[in-house]
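Reader: I would like to learn how to read a model like this one feature by feature, beginning with the overall fold and ending with single residues. Could you take me through it?

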Amino acid sequence: MKPQAPSPALYHIRGKDLPISRAALLELMREVLARGIPFRFRARGWSMTPFIRDGDVVRVAPLRISAPALGEVVAFIHPDAGEVIVHRVIGRRGASCLIQGDNAPSGADGFVPGENILGRVTRVEREGRVIWLGLGPERYLIALLSRSGLLLPLRLRLGLLWRALGKRSVR
Amino acid sequence: MADVRLDAVYIPSQDVVARVIEGELIIVPLVAGIGDLEDELYTLNEPGRVVWARLDGVTSLRAVAAALAEEYQAAPGEIEADVLGLMGELLTRRMVVEAAGA
């Protein structure tokens, strides 16, 4: 004899409280983007600091007909790890993109086939504020610096200089 | 509460994305044209998932309730009332719609 069934019920979850695996995130993102609809989620990790920080809310738009351009930030499936990652396009070769995190000391993710690229990041929010992502013409410079390995050291030096200036102004 | 009829046929709305992920049915409403994982999400318990899976645009709600009553060896009248309650909630939240021409 089967146990008495509970009544069918609908439960409401606050999205931000939902513990979700990377595989589940990928499934939902794919499904939404396949409908031509943007997808918004909370990013985890530091590989795109300072442009995207751990906990920032990222909006990914479907690619539609245009391939991602140099310097754009994209969500893609890492060819080896099979996980969703958000990094910057620093080179192109046919339909493939050379992709790298702005703060990834390990270097580029390699050439990622076009079919692995899910969408482009169009907006980043931090505590309700829209964050500058460097997607204007400056994206070419960011991509060039990232590709030549200069973005991370430059960022660290600028950060030290900024702190030093901040301390001097406090005195 | 929305008007729900047992002889009507319902289907999941185009304004939601529903996926079974790691054993749970996650329903993401597409609010203002965005699939927003930061916003409100929904899930159903096991009998709810059985109902959702049978919203195929062909099967009437009465048949869905009958199948559920058989599945759980429950009184059809009791199950019908529960299914009507659930469908009322789903319709109010625009997560299901009545199938056209059914």
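Author: What follows is a walk through the two chains, then a helix, two buried strand residues and some backbone details. Please keep in mind throughout that this is a predicted model.

Reader: Let us begin with the fold, then: how many helices and strands does chain A have, and in what pattern do they follow one another?

Author: A useful habit is to count the elements and then to read their order. Chain A has three helices and nine strands, and along its sequence they are arranged as β-α-β-β-β-β-β-β-β-β-α-α. Chain B also has three helices, here with six strands, and from its N terminus the order is β-β-β-β-β-α-α-α-β. The radius of gyration of chain B is 14 Å, close to the 13 Å that the globule rule gives for 102 residues, so chain B is as compact as a globular protein of that length.

Reader: What are the dimensions of each chain along the principal axes?

Author: For chain A, the C-alpha atoms fill a box of roughly 75 × 50 × 25 Å, while the C-alpha trace of chain B spans about 40 × 30 × 25 Å.

Reader: What percentage of each chain is buried, and what does the exposed surface consist of?

Author: Burial is judged by relative accessible area, with under 20% taken as buried and over 50% as exposed. By that reading, 46% of the 171 residues of chain A are buried, and in chain B the buried share is 48% of 102 residues. Chain A exposes about 9700 Å², of which carbon and sulfur atoms supply 57%, whereas chain B exposes about 4800 Å², with 49% supplied by carbon and sulfur.

Reader: How many positive and negative side chains are there in each chain?

Author: One can count the charges and also ask where their centres fall. Chain A has 27 positive and 14 negative charges, whose mean positions are 7 Å apart, while chain B has 7 positive and 18 negative side chains, with the centres of the two sets 4 Å apart.

Reader: Turning to a single helix, which residues of α2 in chain A are buried, and where do they sit around the axis?

Author: An α-helix has 3.6 residues a turn, so residues three or four places apart point the same way. In helix α2 of chain A, which covers residues 138-147, the buried residues are A:Arg139, A:Ile142, A:Ala143, A:Leu145 and A:Ser146. They cover an arc of only 165° around the axis, and therefore lie on the same side of α2(A). The face turned away from that buried side carries the exposed residues A:Leu141 and A:Leu144. Just after this helix, A:Gly149 takes a positive phi of about 75°.

Reader: Is A:Val84 buried or exposed, and what does it touch?

Author: For a strand residue, I would look at its accessibility and then at its partners beyond the local sequence. A:Val84 belongs to strand β5 of chain A, residues 84-93, and with 9% relative accessibility it counts as buried. Not counting residues up to four places away in sequence, A:Val84 touches A:Arg22, A:Leu26, A:Met29, A:Ala75, A:Phe76 and A:Leu118.

Reader: And what are the corresponding partners of B:Asp36, a residue with a charged side chain?

Author: B:Asp36 is in strand β4 of chain B, residues 34-36, and it counts as buried because its relative accessibility is 11%. Leaving aside neighbours within four places in sequence, B:Asp36 is in contact with A:Arg40 of the other chain and with B:Val28, B:Pro29 and B:Leu41.

Reader: Finally, which peptide bond is cis, and what is phi at A:Glu127 and at B:Glu22?

Author: Most residues other than glycine have a negative phi, and most peptide bonds are trans. Here the bond from A:Thr49 to A:Pro50 is cis, with omega near 10°, and A:Pro50 is found in the loop between β2 and β3 of chain A. A:Glu127 has a positive phi near 50°; it lies in the loop between β8 and β9 of chain A and is exposed, with a relative accessible area of 76%. B:Glu22 likewise has a positive phi near 50°, in the loop between β2 and β3 of chain B, and B:Glu22 is exposed at 58% relative accessible area.

Terms used:
Residues are numbered from 1 along each chain as its sequence is written. Chains are lettered from A and ligands numbered from 1 in the order in which they are written. This is a predicted model: local features need pLDDT of at least 70, side-chain atom pairs count only at pLDDT 80 or more; totals for chains, interfaces and linings use all residues. Side-chain values use heavy atoms; hydrogens and water are left out. Helices (H or I, at least four residues) and strands (E, at least two) are DSSP runs, numbered from the N terminus. The radius of gyration is taken over C-alpha atoms; the globule rule is 2.2 Å times the number of residues to the power 0.38. Buried means under 20% relative accessible area, exposed over 50%, partly exposed in between (1.4 Å probe, protein chains only). Accessible areas come from the Shrake-Rupley method with a 1.4 Å probe; for residues, only the protein chains shown count as cover. Lys and Arg count as positive and Asp and Glu as negative; His and the chain ends are not counted. The place of a charge is taken as NZ of Lys, CZ of Arg, CG of Asp or CD of Glu. Contact means heavy atoms within 4.5 Å. The arc is that of the directions from the helix axis to the C-beta atoms.
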